[in-house]
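Trainee: Before we begin, may I ask that we go through this structure together, one topic at a time? Please display the sequence and the model.

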Amino acid sequence: MKNARELFSLDGRVAIVTGGRGLYGASISASLCEMGATVVIASRSGEKCEAYASELREVGYSAVGMSLDLNNDQSIKDFSQAVFERFGKIDILVNNAVDRRNMTSLADATRQKLQDSVSTNLNGQILLSQAVLEYMIPQQSGSIINISSMRGLDSPHFPFYPETFGDQPVNYTTEKWAMVGLTKYMAGRYGKYNIRVNCIAPGGYNPGLSDTPDKKKFVETYIENCPLGRWANEDDIKGPVVFLASEAANYVTGVTLVMDGGWTIW
């Protein structure tokens with residue numbers, strides 16, 4: 001029987017975090033580092049990723065920043081190969097990146113906006129998983145964590161949103177629901193290789209959102225209707241990520257761990 005601390009340790013593991021310097025991404029990257037993993041922080045802006053990785057290295061953690069364009073097949077292939085050649089393995093992949101440039105309401109949607117959005121936010125995650133699985137399958141182990149959202153379990157509650165916010169994007173909700181389905185598919189297909197695939201559905205985290213009266217009212221309404229009575233904070237996602245990445249979750253696959261303060265129970 002292993003000690004519980006050993007089960008949660010990520011010493012010696014190599015992890016990739018896409019969008020690993022954003023709101024939740026920075027916390028995800030930090031949490032994996034804090035538990036002993038070497039973390040590759042990846043996005044289109046390799047320089048910004050490396051800047052954040054440098055901050056983590058300054059306090060004693062192991063991290064590097066690399067460039068990755070999830071809308072480019074060659075970039076995905078070159079990136080995954082470079083990670084493997086540099087570190088000799090890939091143990092953990094966190095599909096966290098979100099490109100919000102083409103988010104659109106249903107009323108304003110065009111085929112091009114929808115295609116450009118899904119190309120990164122769903123198809124890019126699938127193709128990166130495909131590339132990483134090429135290295136996980138031979139080693140007969142791995143953990144893939146897809147970051148969905150509470151929007152992957154419900155719909156925006158439109159009466160809560162002031163008119164000045166505009167309509168909520170149809171493609172964000174659709175893509176986040178798709179991440180839950182992708183998780184179940186990959187968990188079923190690759191479990192025989194001892195590769196676990198799970199999903200996290202986080203709730204709202206947006207520091208500084210109350211900078212206008214309308215936004216302040218929205219924040220107050222959100223908090224009033226959240227069972228735990230608050231927004232998520234930068235630490236809330238750390239535990240779920242570490243759990244699903246580690247041996248503590250060795251018999252957990254295909255699940256969506258909901259981290260929304262109870263929002264979706266209503």
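Mentor: Contact means heavy atoms within 4.5 Å. This is a predicted model, in which local features need pLDDT of at least 70 and side-chain atom pairs count only at pLDDT 80 or more, while totals for chains, interfaces and linings use all residues. Residues are numbered from 1 along each chain as its sequence is written, and side-chain values use heavy atoms, with hydrogens and water left out.

Trainee: Leaving aside neighbours within four places in sequence, with which residues is N71 in contact?

Mentor: Helices (H or I, at least four residues) and strands (E, at least two) are DSSP runs, numbered from the N terminus. N71 sits in the loop between β3 (62-67) and α4 (73-87). Once the neighbours within four places in sequence are set aside, the contacts of N71 are S119 and T120.

Trainee: Is N71 buried, partly exposed or exposed?

Mentor: Buried means under 20% relative accessible area, exposed over 50%, and partly exposed in between (1.4 Å probe, protein chains only). The relative accessibility of N71 is 44%, so N71 counts as partly exposed.

Trainee: In what order do the 7 strands of the open sheet lie?

Mentor: Two strands pair if DSSP finds at least two bridges between them. The pairing in this open sheet of 7 strands is parallel, and the order is β3-β2-β1-β4-β5-β6-β7.

Trainee: Which are the edge strands?

Mentor: An edge strand here pairs on one side only. That description fits β3 and β7 (256-259).

Trainee: Which residue of β4 is the bridge partner of A15?

Mentor: Strand β1 (residues 14-18) pairs with strand β4 (residues 92-95) in the parallel sense, over 3 bridges. Within β4, the bridge partner of A15 is I92.

Trainee: How many residues of β1 are buried?

Mentor: In a regular strand the side chains alternate between the two faces of the sheet. In β1, V14, I16 and T18 point one way, A15 and V17 point the other way, and all are buried. The strand β1 is therefore largely enclosed by the rest of the structure, the count of buried residues being 5 of the 5.

Trainee: What is the handedness of the crossover from β1 through α2 to β2?

Mentor: The strands β1 and β2 run parallel and are joined by 5 bridges, with I41 in β2 as the bridge partner of V17. A crossover is right-handed if, with the strands pointing away from the viewer, the path from the first strand over the helix to the second runs clockwise. The β-α-β crossover from β1 through α2 to β2 is right-handed.

Trainee: At about what angle does α5 run to β4?

Mentor: Axes are lines fitted to C-alpha atoms, for helices over the stretch in contact, and angles run from 0 to 180 degrees between N-to-C directions. Helix α5 lies across β1, β4, β5 and β6, and its angle to β4 is about 175°.

Trainee: Which residue in the loop between α5 (111-139) and β5 (142-147) has a positive phi of about 60°?

Mentor: The residue in question is not a glycine. It is partly exposed, with a relative accessible area of 40%. The residue in that loop is Q140.
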